[in-house]
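Visitor: Could you take me slowly through one part of this model, the place where two helices pack together, and then show me the sheet?

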Amino acid sequence: MAAWTEARNRGDVDEAMSHLSETANVFGMGMHLPGLREQLRDILAAQAVAGWSAIESDCTVAAETVNCRYVQRDRILDRWDLELTGRHRYIVRDGKLTFAERVHDVESRRAAYSVFDDFRDWVADAHPELVDVIWSDPTSALYTTPEGAQAVLDVLDEYVPPGS
């Protein structure tokens, strides 16, 4: 579990993926289902573009289950003076991550997602050509592909979050 997070923090997508079991369920994505392994690979690559990192603390281990607090940041959240905090729960079997769950703390989720929603509206007005690039997955809050993360970074200095 720690090696998976460290690989993600370094932006090493291949190493991060190597820590997953073939049937892992990572943040609701079953790796055994067609296309989801590649979708997760794209998300991890997008996080690398955005300079994503998670600092985990207060980890507890009970048999195969690891629970940790986390602080999540990237260049986009930093620019908006935000961070996501919450809890990760992992299950590790035979040295492979088989389950990963993330639950954001209510206040950090509310603050970040409010800005994400406002940013989406701003992009639709100011850069409509980027809407489908940034939100290639319309159910996502922000980027899910390397191209989407780069598109956000490209317009980051133009956008001013509400209340700034």
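**Two helices and a sheet**

Guide: In this predicted model, helix H3 (residues 36-49) and helix H7 (residues 146-155) pack at an angle of about 25 degrees, their axes lying 7 Å apart (helices are DSSP runs of H or I with at least four residues, strands E runs of at least two, numbered from the N terminus; axes are lines fitted to C-alpha atoms, for helices over the stretch in contact, and angles between N-to-C directions run from 0 to 180 degrees). H3 and H7 are therefore roughly parallel to each other (under 35 degrees; over 145 is roughly antiparallel, 65 to 115 roughly perpendicular, the rest oblique). On the H3 side the contact is made by Asp42, Ala45, Ala46 and Val49, and on the H7 side by Pro146, Ala149, Gln150 and Leu153, where contact means heavy atoms within 4.5 Å.

Residues are numbered from 1 along each chain as its sequence is written, and side-chain values use heavy atoms, without hydrogens and water. Local features need pLDDT of at least 70 and side-chain atom pairs 80 or more, whereas totals for chains, interfaces and linings use all residues.

Turning to the sheet, six strands form an open sheet in the order E2-E1-E6-E5-E4-E3, with mixed pairing (two strands pair if DSSP finds at least two bridges between them). Strands E2 (29-30) and E3 (53-62) stand at the edges with a single partner strand each, so one side of each has no neighbour in the sheet. E3 runs antiparallel to strand E4 (residues 65-73), joined to it by 8 bridges, and valine 61 stands opposite valine 66 in E4. Helix H5 (residues 106-126) lies across E5 and E6, running at about 115 degrees to E5.
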